[in-house]
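Q: Please take a close look at one part of this model, the sheet and what packs around it. Then add a word on how the chains meet elsewhere.

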Amino acid sequence: MGGSTLRNMRPVIVFAVLGLLFMFIAPQVLQLFTIINLTTAIALAVLALSLALVWGFGGILCFGQVAFFGLGAYAYTIGAINFGGSTWAILVAVMVASAFAAILGYFMFFGRVSDVYLGVITLTVTLILFSLIRRTSGPEYKIGNALLGGFNGVTSPPLNLPWDTRAFLFPEQVFYVAMAALILCYVFAGWLVNTHFGRVCVGIRENELRAELLGYDTRLYKLGIFTVGAGIAAVGGVLFCNGVGRITPDVFNLYNAALTIIWVIVGGRGTLIGPIAATFGLFYLTSALGGQSVLNNNLVLGVILIFFVLLVPKGIAPTLVDWVEARRRPKRSARGRRRRNGADRA
Amino acid sequence: MSFSRRQFVIGSSALALAAPATVGRAQSDAIKFASILDLSGGLDIYGAPMAETTKLAIEDINATGGLLGREVELTMYDAQSTIQFYTQYATQAAAGDRAHTVHAGITSASREAIRPTLSRFQTLYFYNVQYEGGVCDYNNFCTGSTPAQTVAKVVPYAMEKWGKKVYIVAADYNYGQITAQWMQKFVAENGGETLDVEFFPLDVTNFGPTINKIQTAKPDFVISALVGGSHVSFYRQYAAAGMNAEIPIASTTFGVGNEQKLISAEEGNGILASYGYFEGADNPVNTAFLERLKAKLGDDAPVMNELAIRSYEGAMLWAEAVKAAGTPDRGPVIEALRSGLSYDGPSGAVTIDPQTNHCNMNVYIGELQDQEWTIVESYDNQPPADTALVCDLNANPNQSTFLFENGLAAAGID
Amino acid sequence: MDLVVAVLFQLIYGIANLALISLGLAIIFGMMRVINLAHGEFLMLGGYTVVVATNAGVNIWFAMLILAPLVVGLIGVIVERLLIRWLYGRMVDTLLATWGLSLLLIGLVTSIFGASTGTTVSPPLGTIRIGDYSASGYELFLIGVTLVLFAAVYATLKLTKLGLVARGTMQNAEMSSALGVSTNRIYMITFGLGAAVSGLAGGLLAPMTGVLPTIGATYIAKAFITVISGGASILAGTAAGSVLLGGVNGIFAFLTGPTFGEVALLVAAIILLRLLPTGITGRFFRKSI
């Protein structure tokens with residue numbers, strides 16, 4: 001199995017190397033502010049990656065992936081304020097989000113909640129967090145030294161070097177950290193879906209009953225991939241509050257919850273690189289829209305979404321792969337189609 | 001915030017590193033003015049009029065030959081009611097566009113998101129919104145009114161008129177919480193009694209239970225710091241229950257998003273509010289300004305409120321300072337502003353208070369009648385006394401903090 | 001005593017309000033398994049119809065009760081023809097497409113009417129006295145309308161031929177098709193009907209809440225949760241969901257203030273879905289509509 005895992009990992013490695021190249025070339029050619037703003041986009045891409053894993057491979061329609069992202073950001077911020085340094089705060093962030101996901105997942109998967117109800121519960125949990133944290137604007141709501149700040153949010157301390165809590169990173173150095181984190185998470189996710197565990201998850205996604213009859217405890221596998229996904233989302237959250245410099249309850253709102261789903265759909269379910277690419281694309285689109293005043297931004301975004309659902313329903317990455325494959329071997333498209341339905345891609 | 005100074009130092013060196021990149025870019029001779037406001041999403045009811053007056057201000061400046069013989073170039077960003085875009089556009093305006101000044105932010109959250117960024121990149125920042133007070137930042141000028149200017153006036157006025165028992169309803173976020181604390185303080189100082197304080201999340205639209213509670217408590221009047229489109233429902237439902245005829249309302253927020261146009265005349269009649277500006281402000285500058293606005297926008301012209309007027313006056317204060325300094329560079333412009341610079345705007349004389357970087361301004365109390373504000377009282381040249389209690393930039397200019405972030409008690413005010 | 005009556009009245013109004021904003025969504029979800037994320041915007045459009053019409057001098061009752069459902073129902077039919085019908089059976093895609101539609105409608109309305117609209121529609125009925133307390137007569141009217149609306153939808157589904165055919169189509173589209181029913185048309189009518197009910201609700205609520213292009217966002221989450229908690233049955237589900245969640249919300253709002261009213265609503269929804277994963281009517285009243 002090791003050999004086939006390596007073979008399947010090939011595209012993951014190719015994209016990871018491309019990412020590394022980008023990481024070192026971008027600061028040389030791009031403006032400083034572009035690099036700084038890219039950090040935010042990278043953070044969101046990590047979030048998209050986590051949902052691509054949970055939904056695209058685990059088959060869990062998690063409408064509230066931002067809950068773990070936001071929890072990670074809040075846990076990091078509160079941790080960093082209390083500890084006076086960011087190193088342990090990052091660990092706390094990942095653990096808090098994963099633990100929360102494990103409890104929530106236990107509730108859902110062992111309660112046999114499935115399909116659309118899963119989406120609703122995860123969304124509801126997100127909205128509860130949104131309402132709860134928005135309600136913490138009074139001075140009585142504090143954890144250690146950190147006030148929660150309600151609607152206004154909390155200022156996030158910047159990352160520092162692991163051995164020196166006073167050596168804060170430059171915004172452009174945070175870019176390297178963010179890019180490295182994205183690549184690591186991507187390679188990890190790409191490896192995970194090619195392990196035995198990942199394959200069982202895909203099997204459950206395709207046919208839960210069959211997987212169960214084969215003797216797998218599907219609840220445990222779902223719980224596992226859900227928890228791992230939450231941990232990755234928390235990494236994104238840590239990067240996000242570093243990029244923005246602040247974390248507010250708005251991360252938990254309906255708009256952001258839906259936006260995450262959209263990245264995965266536009267990028268393509270069942271791929272990891274697609275949602276990452278879609279996140280960067282849509283991020284730049286929304287940023288660019290804010291600099292013009294001719295067209296209403298909501299209008300443009302709405303049209304783009306509808307366009308994708310109607311005309312590119314599979315998402316960009318799978319459609320692109322199909323197109324390339326169709327051109328490469330026009331006569332053996334049947335085989336191509338079979339592969340498309342079977343194996344999942346990077 | 002122990003890290004901010006160090007961050008500041010690191011940021012400055014980052015700026016030095018990046019500086020060569022801009023030499024080639026400084027092609028255009030224009031002076032750059034950036035504006036970041038919410039022009040779409042839930043906060044656009046506030047942002048849209050502010051954007052109109054900002055544009056008008058830049059047009060007015062350029063119509064009289066620009067500044068120092070150079071044209072002023074306006075770049076507008078729409079933050080789409082999202083905090084993340086504020087940070088992003090602030091970075092772009094400061095480090096990318098090399099704007100000479102950035103006028104930005106509506107909510108305190110948005111201001112707090114960009115203040116550190118603009119300090120780090122040493123870009124002069126104006127916040128032109130009435131808010132809860134407490135910003136103490138050498139690089140940041142806050143031109144809007146604060147509770148010591150408005151709440152301190154409307155509370156005794158209403159108590160004089162209606163009685164001593166007060167019921168407070170406020171939006172559940174930093175602004176509402178702090179404003180409610182100021183309200184309680186001023187009610188107590190004027191010998192009154194606060195019966196209850198209730199906070200409402202910004203998305204609440206059903207106020208039935210609260211109206212029952214108000215009926216139970218029987219206050220002499222209700223004072224409101226409710227904010228946003230959803231909270232307009234309070235005034236409608238209050239009137240629908242026949243309460244507006246029984247217990248009157250005073251407010252420090254009603255009208256700032258032109259709410260008086262969102263409810264009917266019968267629902268709104270008699271509401272009192274206090275701001276640094278109403279359209280009825282009686283001075284020639286205001287008359288001329290409103291005429292010009294009408295000429296430019298016709299019937300589409302939004303009703304002018306404090307936010308819109310401060311956006312205009314903020315831009316004009318900056319322009320005066322550039323003229324006085326003889327350069328658009330940050331250091332001399334801040335010096336010029338802090339020399340007690342004054343500008344006669346539509347709201348009257350607005351003077352920078354160097355101790356706090358806030359403004360001394362005229363304050364008005366208006367009463368709503370048929371969807372129009374009638375000024376019933378005005379107070380000249382009111383100082384930002386709340387912020388002045390805790391902030392002294394003359395003694396210590398190296399500050400960049402928001403002192404009321406943790407509430408009044410934490411700032412040492414009881 | 002008066003207080004009890006006044007509070008009870010508020011509680012019932014809260015429940016009716018929740019039922020009113022959810023019914024349109026429930027019809028579309030229950031009959032077609034389409035989750036319409038543009039539901040909030042249908043309500044918003046109903047509100048705008050009333051505002052524009054009354055500003056143009058139309059009688060407010062006519063605008064609310066006839067014009068709003070008509071206009072929004074028509075918009076619903078157009079949306080179904082252009083967008084939804086390509087996506088049947090693809091639940092997630094419809095979710096996404098209707099979300100795009102929601103953004104599009106917000107953008108469109110903002111471009112046309114501006115960020116805030118000068119409205120002067122006020123609740124057209126006076127106040128009613130309950131001892132020392134007073135409540136809005138219009139709220140009482142809305143409670144009545146909600147009951148009538150439920151009765152009307154029940155009658156349509158249960159007693160008319162259209163209702164029978166529609167229910168049949170929803171249960172087994174292929175079989176209905178084989179029996180000569182134009183499923184295509186049924187879907188179109190159902191979606192239009194759901195939109196019309198949403199338009200009516202939005203129109204009726206406009207005098208209470210005012211209209212803004214973004215007002216839909218305050219409704220959609222609550223409606224969504226009510227419908228899912230209620231389960232697949234349209235009327236029984238929405239009613240059960242509204243009573244439970246609206247009741248919890250109202251009681252907590254009165255006891256602890258609005259701050260925790262909505263949190264209590266959401267927590268109740270989660271506990272409910274943990275206990276009854278397919279909603280209330282997935283377990284009880286299964287045969288109901």
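A: What follows goes through the sheet of chain B and then turns to the contact between chains C and A. The model is predicted.

Start with the sheet. Five strands of chain B make it up, in the order 2-1-3-4-6. The sheet is open, and the pairing is parallel. At its edges are strand 2 (72–78) and strand 6 (140–142) of chain B. Each of these two pairs on one side only. Neighbouring strands are turned by 20° against each other on average, direction ignored.

Now look inside the sheet. Strand 3 (residues 101–104) of chain B runs parallel to strand 4 (residues 124–127) of chain B, and three bridges join them. B:Thr101 has its bridge partner in strand 4 of chain B: B:Leu124.

Next comes a helix. Helix 4 (residues 108–120) of chain B lies across strand 3, strand 4 and strand 6 of chain B. Helix 4 of chain B runs at about 165° to strand 4 of chain B.

Turn to the other chains. In chain C, 32 residues are in contact with 32 residues of chain A. On the chain C side, the elements that give two or more residues are helix 4 (91–113), helix 9 (216–230) and helix 11 (258–275). Helix 4 of chain C gives the most, with 15 residues. By residue class, the side of chain C that touches chain A holds 24 nonpolar, five polar and three charged residues.

Methods: Residues numbered from 1 in each chain as written. Chains lettered and ligands numbered in written order. Predicted model: local features only at pLDDT ≥ 70, side-chain atom pairs only at ≥ 80, totals over all residues. Contact = placed C-beta atoms within 7 Å. Helix = DSSP H or I, 4+ residues; strand = E, 2+ residues; numbered from the N terminus. Nonpolar A, V, L, I, M, F, W, Y, C, P; charged D, E, K, R; others polar. Pairing = 2+ DSSP bridges. Axes fitted to C-alpha atoms, helices over the stretch in contact; angles between N-to-C directions.
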